[in-house]
Amino acid sequence: MASKKPMDERVRAFVAAMLADCSENEDEHIDDIECDMEALADAVASEFAAQRLARRSQTFASPPQCPDCGKAGRHVGERKREILTTRGSAPLIEPKCYCPACRRHFFPSVDSIGPGR
Ligand SMILES: [Zn+2]
């Protein structure tokens, strides 16, 4: 993941912005902080996966090649499915393609992203 700003600097700014919107709670316990940490980490991981998968699904070569015969297929739509990651599921919208020679549909993203678990 290439970026000009170091990740810890961006995370610090993100967390500061998140905390600026929260009210202070004097009765807060370490368990409350841990619970919020986990909820935030899960939300960030989920959004990160969704955005990375969305970016990736836009990068498939055009026209897509049929995995069986290698001839050019055509893009006929999209399919939405859930990818299971170590941090939970993430939505994937992938191109659905058709090969007129084989008369079958195929999904180019299965080779690069995988069928999911
Ligand atoms: Zn084919």
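# A walk through a predicted helix-and-sheet model

Let us start with helix 2 (residues 30–57): at 1.5 Å a residue, its 28 residues should span 40 Å, and the end C-alpha atoms are indeed 40 Å apart, which agrees. The expected span used here is 1.5 Å times one less than the number of residues in the helix. Helices (H or I, at least four residues) and strands (E, at least two) are DSSP runs, numbered from the N terminus.

Before going further, a word on what you are looking at. Residues are numbered from 1 along each chain as its sequence is written. This is a predicted model, in which local features need pLDDT of at least 70 and side-chain atom pairs count only at pLDDT 80 or more, while totals for chains, interfaces and linings use all residues. Here pLDDT is the predictor's confidence in each residue, from 0 to 100. The protein chain averages a pLDDT of 85, and 87% of the residues score at least 70. Among the elements, strand 3 has the highest mean pLDDT (95), while helix 3 (residues 109–113) has the lowest (66). Where pLDDT is low, the predicted coordinates should not be read in detail.

Now for the overall plan. The protein chain holds 3 helices and 3 strands, and from the N terminus on the elements run α-α-β-β-β-α. Helix 1 (residues 7–20) passes the length check too: its 14 residues should span 20 Å at 1.5 Å a residue, and its end C-alpha atoms are 20 Å apart, which agrees.

The strands form an open sheet of 3 strands in the order 1-2-3, with antiparallel pairing. Strand 1 and strand 3 stand at the edges, each with a single partner strand, so one side of each is left without a neighbour in the sheet. From one strand to the next, the twist averages 30°. Two strands count as paired if DSSP finds at least two bridges between them.

Strand 1 (residues 74–85) and strand 2 run antiparallel and are joined by 11 bridges. A hairpin of 2 residues links strand 1 to strand 2. Beside that turn, Thr-85 stands opposite Gly-88 in strand 2, and Leu-84 stands opposite Ser-89 in strand 2. Arg-74 has Tyr-98 as its bridge partner in strand 2. Tyr-98 also looks the other way, with His-105 as its bridge partner in strand 3. Strand 2 and strand 3 (residues 104–106) pair in the antiparallel sense over 3 bridges. The hairpin between strand 2 and strand 3 has 4 residues between them, and Arg-103 in the turn has a positive phi of about 55°.

Helix 2 comes back into the picture here, as it lies across strand 1 and strand 2, running at about 10° to strand 2. For such angles, axes are lines fitted to C-alpha atoms, for helices over the stretch in contact, and values run from 0 to 180 degrees between N-to-C directions.

How much of the protein chain is buried? Of its 117 residues, 9% count as buried. A residue is buried if 20 or more other C-beta atoms lie within 10 Å of its own, exposed if 12 or fewer, and partly exposed in between, with C-beta atoms placed from the backbone. Helix 2 is hardly covered, the count of buried residues among its 28 residues being 0. Strand 1 lies largely in the open, because the number buried among its 12 residues is 0. Helix 1 likewise lies largely in the open, because 0 of its 14 residues are buried.

Strand 2 gives us two buried residues to visit. Ala-90 sits in strand 2 (residues 88–99) and is buried because 20 other C-beta atoms lie within 10 Å. Not counting residues up to four places away in sequence, Ala-90 touches Ser-46, Ala-49, Ala-50, Leu-53, Glu-82, Ile-83 and Thr-85. Contact means that the C-beta atoms of two residues, placed from the backbone, lie within 7 Å. The C-alpha atoms of Ala-90 and Phe-48 are separated by 9.1 Å, although these residues are 42 apart along the chain.

Glu-94 is also found in strand 2, and Glu-94 is buried because 20 other C-beta atoms lie within 10 Å. Leaving aside neighbours within four places in sequence, Glu-94 is in contact with Ser-57, Glu-78, Arg-79, Phe-107 and Ser-109. Its C-alpha atom is separated by 8.6 Å from that of Gly-77, 17 residues apart along the chain.

For the protein chain as a whole, among contacts between residues at least 6 apart in sequence, 54% join residues at least 24 apart.
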